[in-house]
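Welcome, and please load the model in your viewer. We will take a short walk through it, one selection at a time.

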Amino acid sequence: MKNSHQTELEQFMLQLRRQNPDEIHFHQAVEEVVESVLPWYLQHDEYRRARILERVTEPDRIVSFRITWETDAREVVVNRGWRVQFNHTLGPYKGGLRFHPAVNQSVLKFLAFEQIFKNSLTGLPMGGAKGGADFDPKGKSDREVMRFCQALMLELHRYIGEDVDIPAGDIGVGAREISYLFAQYMRMYNRWAGVITGKSLAYGGSAVRTQATGYGCVYFCENMLNHIGDSLSGKSIAISGSGNVAIYAAEKALQMGAKVITLSDSSGFVLIPDGLNEEQLKYVQVLKEERRGRISDFANTHKAVEFFESARPWSVPCDIAMPCATENELDLNDAQSLHKNGVFAICEGANMPLTADAARFFAEKEILHAPGKASNAGGVAVSGLEQSQNSLRISWSREEVDKRLQGIMADIHQQCIQYGAQQGQVNYVAGANIGGFKRVADTMLAYGIV
Ligand code: NDP
């Protein structure tokens, strides 16, 4: 027989699906949060009476706009851009921009929704947002990317501002794109404003912002292992992706004595049986960040590295899996294979990289599972620190920012324990969801009916 929580959850999700048809990523993200918070929510009638769940699952606003630009061959191209400003209860909207052909409203709504609770967990004053465009930077020249970014900012500028909404990077948006976007904003307003984070150190960026998501993910993982009397030292880690998050997760994992045995991109994965070394990591960094090449090139140029085309790294035996590429990149089959091969912890660098059934499987098997909204919050946390430095017109040292990042990740870990402790174990998914949700819900109550 169903218990009352299940019935409530089903009814809530039925209504949400009706109101947001076909937005499957958004449904998945909401269901995970509501499932976690419902037992606690139902014990506090004041939240229910104020309809906090209904309000927090409805974006404040979504803007979508046309982006028209010209290729080097003078062809006119039309893309679609969005900004989802989901909730600014805790501070100005904050969340990255993604450039990828698979971007659509459902993806951006799920990312913006997750961002509300992630930002809440950092303890910094930031609301949740996300944006981007269905633009594919692969194969485009620097000039084409520049023209696209300028055209996008011609629309986006209306909705952002240092006290309103502060975008940052995400998939397909790195240092190059941030510079083009920022410069366009500056020339339109004739003023320097901290309206974007992830800026280069030369013009107002923060130390450690580039590394923050990957480093933070590894710091969180170390906290999680320390809590059970273990550590990362000597552990084998399968990492997916070879972008910003994956590269700096790999770098910090090496520094902490772990063995990184895989990396990937959308064409396949590489196996490094002896573990990635520093020279190889540098090679991948230049390959991906400067040459914008494919991960297969790493195997082609290094004898001890093997490439598996169109495959994901989850069939490889490892102690820890760190998915750092994209959403739903690890399904139930992958989860079963990882479990069979002895994985004991999952630490998410990407946003919602597990399908719902894979997450459920790991929960049943009591495998440590750090959800992205906790473990990848280091990036937005250092973005928050970048905003503080911009407002104060100062720059903190690398050591100072790294120390603050470590402190924030330890604090998020503590919140997961506080809200996720269950029969002598920690349910990190529930802990992160309840901890993140509570701060937002309490503040919404305090604001009254708005
Ligand atoms: P990048 O664009 O730097 O790298 C993305 C990596 O993932 C690339 O290796 C890319 O391969 C791979 N990838 C992308 N889409 C797919 C796909 N459909 N299938 C297989 N591989 C894919 O992005 P980031 O490293 O910045 O972001 C990675 C994840 O981390 C995303 O989920 C993002 O939302 C999340 N995140 C990022 C933060 C940040 O600060 N950058 C902060 C918090 C979360 P290819 O090059 O072939 O496309």
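**Stop one: a pocket**

In this predicted model, begin at the second largest pocket, which has a volume of about 930 Å³. To centre your view there, select Ala359, Ala363, Asn427, Val429 and Ala430, the residues nearest the pocket's centre among the 34 that line it.

Next, colour the elements that each supply at least two lining residues: helix 2 (24-42), helix 13 (356-364), strand 12 (368-370), helix 14 (372-375), strand 14 (425-426) and helix 17 (428-447). Which helix gives the most to this lining? Helix 13 does, with 6 residues. If you colour the lining by residue class, you will find 14 nonpolar, 11 polar and 9 charged residues.

**Stop two: aromatic rings**

Now show the aromatic side chains; the whole structure holds 24 aromatic pairs. Zoom in on Phe135 and Phe148: their ring centres are 3.8 Å apart and their planes meet at 5°, so this pair is stacked. Trace the backbone from one to the other: Phe135 sits in the loop between strand 4 (127-133) and helix 6 (142-156), while Phe148 belongs to helix 6, 13 residues apart. Are these two residues buried or exposed? Both Phe135 and Phe148 are buried.

Then select Phe26, Trp40, Tyr41, Tyr47, Phe86, Phe113, Phe117 and Phe437, which ring pairs link into a cluster.

**Stop three: charges over rings**

Stay with Phe26 from that cluster and add Lys109, which lies over the face of Phe26 at 4.5 Å from the ring centre. Finish at Trp396, where Arg404 lies over the ring face, 3.9 Å from the ring centre.

Note on methods: Residues numbered from 1 in each chain as written. Predicted model: local features only at pLDDT ≥ 70, side-chain atom pairs only at ≥ 80, totals over all residues. Heavy atoms only, no water. 1 Å grid on protein atoms, 1.4 Å probe; cavity = no way out; pocket = protein on both sides within 12 Å on 5 of 7 lines; lining within 4 Å. Points joined across faces, edges and corners; volume = space filled by probe spheres on them. Helix = DSSP H or I, 4+ residues; strand = E, 2+ residues; numbered from the N terminus. Nonpolar A, V, L, I, M, F, W, Y, C, P; charged D, E, K, R; others polar. Phe/Tyr/Trp six-rings, centres within 6.5 Å; stacked < 30°, edge-to-face > 60°. Buried < 20%, exposed > 50% of the residue type's maximum accessible area, 1.4 Å probe, protein only. Lys NZ or Arg CZ within 6 Å of the ring centre and 35° of its normal.
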